[in-house]
Amino acid sequence: VQLQASGGGLVQAGDSLRLSCAASGRSFGSFAMGWFRQAPGKQRELVAAISSGGSTNYAGSLKGRFTIARDNAKNTMYLQMSSLKPEDTAVYYCAAGSLLEVVRGSTSYWGQGTQVTVSS
């Protein structure tokens with residue numbers, strides 16, 4: 001499966017932004033999907049994951065501000081981000097695989113990343 005992340009940009013604190021991850025190749029609906037982010041000088045961290053059946057989980061600190069969703073008919077996953085903070089600044093990556101692979105970040109399927117910059 002090939003993944004293409006998009007939707008990043010420069011926004012102000014408090015703004016909202018929606019990221020998209022378009023998938024092509026093998027059956028999208030059979031994969032769990034996830035969003036990760038990596039800020040400069042920090043390790044990559046899981047933001048949210050969604051199973052093939054639509055169950056979701058979030059990094060504890062982000063639940064309530066971020067919402068992950070998928071549209072299997074469009075082979076696309078989304079990350080709706082609201083009330084953005086400067087500390088949300090990072091490159092955001094999408095990933096696909098089994099749910100365990102996605103949650104662990106051990107999958108081989110990654111998108112190229114999209115930069116999100118939140119100014120104060």
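The following questions and answers concern a predicted model.

Modeller: In this predicted model, local features need pLDDT of at least 70 and side-chain atom pairs count only at pLDDT 80 or more, while totals for chains, interfaces and linings use all residues. Residues are numbered from 1 along each chain as its sequence is written, and side-chain values use heavy atoms, with hydrogens and water left out.

Biologist: In what order do the four strands of the open sheet stand?

Modeller: Strands are DSSP runs of E with at least two residues, helices being runs of H or I with at least four, and both are numbered from the N terminus. Two strands pair if DSSP finds at least two bridges between them. The pairing in this open sheet is antiparallel, and β1 (2–6) and β7 (66–71) are its edge strands, each pairing on one side only. The order is β1-β3-β8-β7.

Biologist: Which residue in the turn of the hairpin of β7 and β8 has a positive phi?

Modeller: Strand β7 pairs with β8 (residues 76–81) in the antiparallel sense over six bridges. Asp71 stands opposite Thr76 in β8, and the bridge partner of Ala69 is Tyr78. Four residues lie between the two strands of the hairpin, and the turn residue with a positive phi, of about 50°, is Asn75.

Biologist: Which side chains of β7 are buried?

Modeller: Buried means under 20% relative accessible area, exposed means over 50%, and partly exposed lies in between (1.4 Å probe, protein chains only). Side chains alternate along β7, and Thr67, Ala69 and Asp71 point to one face and are not buried. Pointing to the other face, and buried, are Phe66, Ile68 and Arg70.

Biologist: Over the ring of which residue does the charged end of Arg70 sit?

Modeller: A charge sits over a ring if NZ of Lys or CZ of Arg is within 6 Å of the ring centre and within 35 degrees of the ring normal. For Arg70 the distance from the ring centre is 4.7 Å, and the ring is that of Phe28.

Biologist: What is the angle between the planes of Phe31 and Tyr109?

Modeller: Rings of Phe, Tyr and Trp (its six-membered ring) pair if their centres lie within 6.5 Å; planes under 30 degrees apart count as stacked, over 60 as edge-to-face and the rest as tilted. Phe31 and Tyr109 are 5.9 Å apart centre to centre and form an edge-to-face pair, with an angle between the planes of 85°.
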